[in-house]
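The following exercises concern the ligand site and the empty spaces of one protein model. Each task is followed by a solution in steps.

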Amino acid sequence: MAYQECINCGKKYEINEIVYFCKKCGDLLEIKYDYNAINKALSKSNWQKVPLSVWRYRDFMPVQDFSKIVSLNEGGTGFHTSKRLGKILGIRQLYVKNEGENPTGSFKDRGMTVGVTKAVELGVKSVICASTGNTSASLAAYAARAGLECAVLIPAGKIAYGKLSQAMIYGAKVIQVRGNFDESLEIVLKLSEKYKDIYLLNSINPFRIEGQKTLGFEICDQLNQKMPDRIVVPVGNAGNISAIWKGLKEYHRLGFLHKLPKMTGIQAAGSAPIVYAVKNGSDTVIPVTSPETVATAIRIGAPVSWKKALRAIRESNGTAEMVTDEEILNAQKLLAQTEGLFVEPASASSIAGLKKLIDQGDVDRDEHVVCVTTGHGLKDPDTAIKICKKPIEVKADIEAIEKILGLKKRNPLVNSEVIS
Ligand code: F0G
């Protein structure tokens with residue numbers, strides 16, 4: 001049987017109790033299992049024959065009634081061998097795990113399918129979150145699918161348009177708060193404490209983390225259990241890096257994986273409290289009061305899951321690094337133009353961070369590395385358009401276009417001569 005447990009004092013809570021922070025010491029909770037029971041369930045099921053997806057791993061989940069699953073077919077995202085990019089970065093083996101291929105275009109869907117399923121099991125009426133954009137898009141979609149009321153708080157003027165349009169079209173009550181993400185999170189925390197039937201689905205909700213841990217399982221399974229040396233992850237509120245690490249430790253404990261990778265977190269230079277803590281060897285994180293970055297998804301100064309993230313990085317012997325907006329945007333373009341993968345700026349921070357760590361000599365060129373890209377590029381088309389050359393506008397005239405393409409200098413017969 002699964003239960004909830006405080007990561008600090010170990011106090012246990014029943015699986016169906018709605019509780020976000022430990023009532024004894026105020027720390028975060030996580031879901032714990034009877035691993036013998038999981039082993040037993042796995043041995044009776046043919047889970048390894050189920051196509052890659054979040055629910056292939058249902059026996060690793062704290063869900064009691066599988067008939068209540070709220071799904072849009074999340075997970076099973078692309079795992080791309082990235083030879084051309086790897087060569088430019090100067091590393092031998094590079095893969096990109098592209099989470100933009102999820103139903104609403106980000107890794108959040110892995111967590112939301114489990115979180116909203118739990119909301120349905122618990123019988124709550126409405127769900128809420130604070131968000132820099134992707135969480136709100138994902139929650140709005142899953143709430144619509146489940147027939148739940150949904151409200152999302154987002155920072156006014158600081159969210160990419162693709163994400164805003166998603167939350168709106170899925171029918172959520174969208175509230176633009178004049179303030180940053182951290183302030184919105186504080187408000188939704190208070191609201192969900194005050195009104196017990198408003199279920200909070202930010203990543204402090206440990207059920208979200210259970211869905212997101214499947215990202216770790218999938219990387220492992222897509223590599224046929226041969227773990228890479230390192231997994232590089234963009235970090236904002238710090239739920240995802242914690243979730244991947246939790247999944248990998250569980251897989252290791254159950255014998256599906258023999259070596260654990262170094263977890264490497266990347267933040268934007270204007271909002272990098274976790275990176276400072278890692279670099280200073282500190283056990284606490286000092287919030288950044290006015291976080292700023294072009295990567296709006298990770299514009300977060302007070303990451304709620306900082307303690308879990310520090311543990312993931314330290315236990316795995318990993319590291320953390322920060323990257324400037326310029327490095328992020330260069331990486332976004334480079335990934336798109338070498339591998340055909342269009343990701344949003346926050347996602348490209350993993351590529352930018354890896355480049356920096358290789359250049360600094362902190363990552364060995366012989367390492368096998370997986371970079372996680374967390375959200376689709378179409379979430380934020382405005383930024384992409386700003387950093388690319390403007391398209392050329394001409395009249396509808398073949399000669400004008402031949403000129404632009406430099407075809408005037410080419411011999412039009414060369415190819416047909418070769419073919420004949
Ligand atoms: N990448 C993208 C595209 C994100 O949307 C987020 C977080 C992260 C990385 C960081 O993940 O918070 O688990 O460390 N976005 C949240 C949101 C905060 O509201 O959409 P994290």
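**Exercise 1. Identify the polar contacts of the ligand and state how far the protein buries the ligand.**

Step 1. Begin with K108, which has a polar side-chain atom 2.9 Å from a nitrogen atom of the ligand; a polar contact is a pair of N or O atoms within 3.5 Å, and within protein one must be able to donate a hydrogen and the other to accept it, with residues adjacent in sequence counted only if both atoms are side-chain atoms.

Step 2. Turn to the oxygen atoms of the ligand. A polar side-chain atom of S131 lies 2.7 Å from an oxygen atom of the ligand, and a polar backbone atom of G236 is 2.8 Å from an oxygen atom of the ligand.

Step 3. Consider the area. The ligand taken alone exposes 470 Å², of which the protein buries 99%; accessible areas come from the Shrake-Rupley method with a 1.4 Å probe, and for residues only the protein chains shown count as cover.

A note on the source: this is a predicted model, in which local features need pLDDT of at least 70 and side-chain atom pairs count only at pLDDT 80 or more, whereas totals for chains, interfaces and linings use all residues. Residues are numbered from 1 along each chain as its sequence is written, and side-chain values use heavy atoms, with hydrogens and water left out.

**Exercise 2. Describe the shell around the ligand.**

Step 1. The ligand is surrounded by 21 residues, the closest being S131, T135, N237, A238 and T374; a residue is near if one of its heavy atoms lies within 4 Å.

Step 2. By class, this shell holds 8 nonpolar, 11 polar and 2 charged residues. Ala, Val, Leu, Ile, Met, Phe, Trp, Tyr, Cys and Pro count as nonpolar, Asp, Glu, Lys and Arg as charged, and the others, Gly among them, as polar.

**Exercise 3. Which cavity does the ligand take, and what lines the largest cavity?**

Step 1. The ligand occupies the space of the largest cavity. A molecule sits in a cavity or pocket if more than half of its atoms lie within 2 Å of its grid points.

Step 2. On a 1 Å grid over the protein atoms alone, a cavity is a set of points where a 1.4 Å probe fits but cannot get out, and a pocket is an open set with protein on both sides within 12 Å along at least five of seven lines; lining residues have an atom within 4 Å of a point.

Step 3. The largest cavity has a volume of about 290 Å³. Its lining comprises 27 residues, with F107, K108, G236, N237 and A297 nearest its centre.

Step 4. α9 gives the most to this lining, with 3 residues. Helices (H or I, at least four residues) and strands (E, at least two) are DSSP runs, numbered from the N terminus.

**Exercise 4. Characterise the largest pocket.**

Step 1. The largest pocket holds about 320 Å³ of space. Among its 15 lining residues, E30, W245, K246, K249 and E315 are the closest to its centre.

Step 2. α9 gives the most to the lining of this pocket, with 6 residues. The lining contains 5 nonpolar, 1 polar and 9 charged residues.

Conventions
Points joined across faces, edges and corners; volume = space filled by probe spheres on them.
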